Amino acid sequence: MTDCIETNSPVLSKAPTTGRTTVWMLVNRAVTVALEWQRRKHERRHLAELDEYLLRDMGLSRADVAHETAKPFWKP
């Protein structure tokens, strides 16, 4: 079961795989995913609030922004 879980945490990656460690690895992964979803939601909201000048400076159109902000938070 622990073979399918990837983590960047140096503490968890070197820990022995006991039942407790597996639970903490799952909790760590769940928190990591939740934080990533929150970051995406925040960035997409911020992107939608940018004015035309800044979008043009980044090479984006309103259509690009509409496409990105229409995505659900769990999709990259």
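**View 1. W37, F73 and W74 form one aromatic cluster.** The structure is a predicted model, and a search of the whole of it finds two aromatic pairs. In the pair made by W37 and F73, the ring centres are 5.2 Å apart and the planes stand at 65 degrees, so the arrangement is edge-to-face, given that planes over 60 degrees apart are classed in this way. Because W37 lies in helix 2 (residues 19–49) and F73 in the segment after helix 4 (62–69), this pair ties together parts that are 36 residues apart in sequence. The rings of F73 and W74 have their centres 5.1 Å apart and their planes at 90 degrees, so this pair, too, is edge-to-face.

**View 2. The accessibility of the aromatic cluster, residue by residue.** How accessible is W37? With a relative accessibility of 34%, W37 counts as partly exposed. F73 has a relative accessibility of 34% and likewise counts as partly exposed. For W74 the relative accessibility is 48%, a value that still places this residue in the partly exposed class, because exposed residues are those over 50%.

**View 3. A nonpolar surface patch is made by V23, W24, V27, V31 and L35.** The patch formed by these five side chains has an area of about 490 Å². One of its members, W24, lies in helix 2, and its relative accessible area of 55% makes W24 exposed, since the cut-off for that class is over 50%. As a setting for this patch, the chain as a whole exposes about 6200 Å², of which carbon and sulfur atoms supply 60%.

**View 4. E36 forms salt bridges with R39 and with R40.** The structure holds six salt bridges, and the view is centred on E36, which takes part in two of them. Between E36 and R39 the closest N and O atoms are 2.3 Å apart; both residues lie in helix 2, three residues apart, which is about one turn of the helix. Between R40 and E36 the N to O distance is 3.5 Å, and these two residues also both lie in helix 2, four residues apart, again about one turn of the helix. The partners are not alike in their accessibility: E36, at 28% relative accessibility, counts as partly exposed, and R39, at 36%, counts as partly exposed as well, whereas R40, with a relative accessible area of 15%, is buried, because buried residues are those under 20%.

**View 5. A salt bridge joins E68 and R44.** Here the closest N and O atoms are 2.9 Å apart, and the pair links distant parts of the chain, with E68 in helix 4 and R44 in helix 2, 24 residues apart. Is R44 buried or exposed? A relative accessible area of 8% makes R44 buried, while its partner E68, with a relative accessible area of 25%, is partly exposed. Elsewhere, salt bridges that share partners join E36, R39, R40 and E43 into one network.

**View 6. The chain as a whole comes to four helices and zero strands.** Read along the sequence, these elements follow the pattern α-α-α-α. Of the 76 residues of the chain, 16% count as buried. Among the contacts in the chain with a separation of 6 or more, 37% are accounted for by residues 24 or more positions apart.

**View 7. Confidence in the model varies among the elements of the chain, with helix 1 the lowest in mean pLDDT and helix 4 the highest.** The mean pLDDT of the chain is 86, and 78% of its residues reach 70 or more. Helix 1 (residues 10–13) has a mean pLDDT of 53, whereas the mean for helix 4, the element that holds E68, is 97. Over residues 1–6 the pLDDT stays under 50, and for this stretch the model has eight contacts beyond four places in sequence.

Notes:
Residues are numbered from 1 along each chain as its sequence is written. This is a predicted model: local features need pLDDT of at least 70, side-chain atom pairs count only at pLDDT 80 or more; totals for chains, interfaces and linings use all residues. Side-chain values use heavy atoms; hydrogens and water are left out. Rings of Phe, Tyr and Trp (its six-membered ring) pair if their centres lie within 6.5 Å; planes under 30 degrees apart count as stacked, over 60 as edge-to-face and the rest as tilted. Buried means under 20% relative accessible area, exposed over 50%, partly exposed in between (1.4 Å probe, protein chains only). Contact means heavy atoms within 4.5 Å. Accessible areas come from the Shrake-Rupley method with a 1.4 Å probe; for residues, only the protein chains shown count as cover. Patches are made of residues with over 30% relative accessible area and no salt bridge: like charges are joined within 9 Å, nonpolar side chains (Val, Leu, Ile, Met, Phe, Trp, Tyr) within 5 Å. A salt bridge is a side-chain nitrogen of Lys or Arg within 4 Å of a carboxyl oxygen of Asp or Glu. pLDDT is the predictor's confidence in each residue, from 0 to 100.
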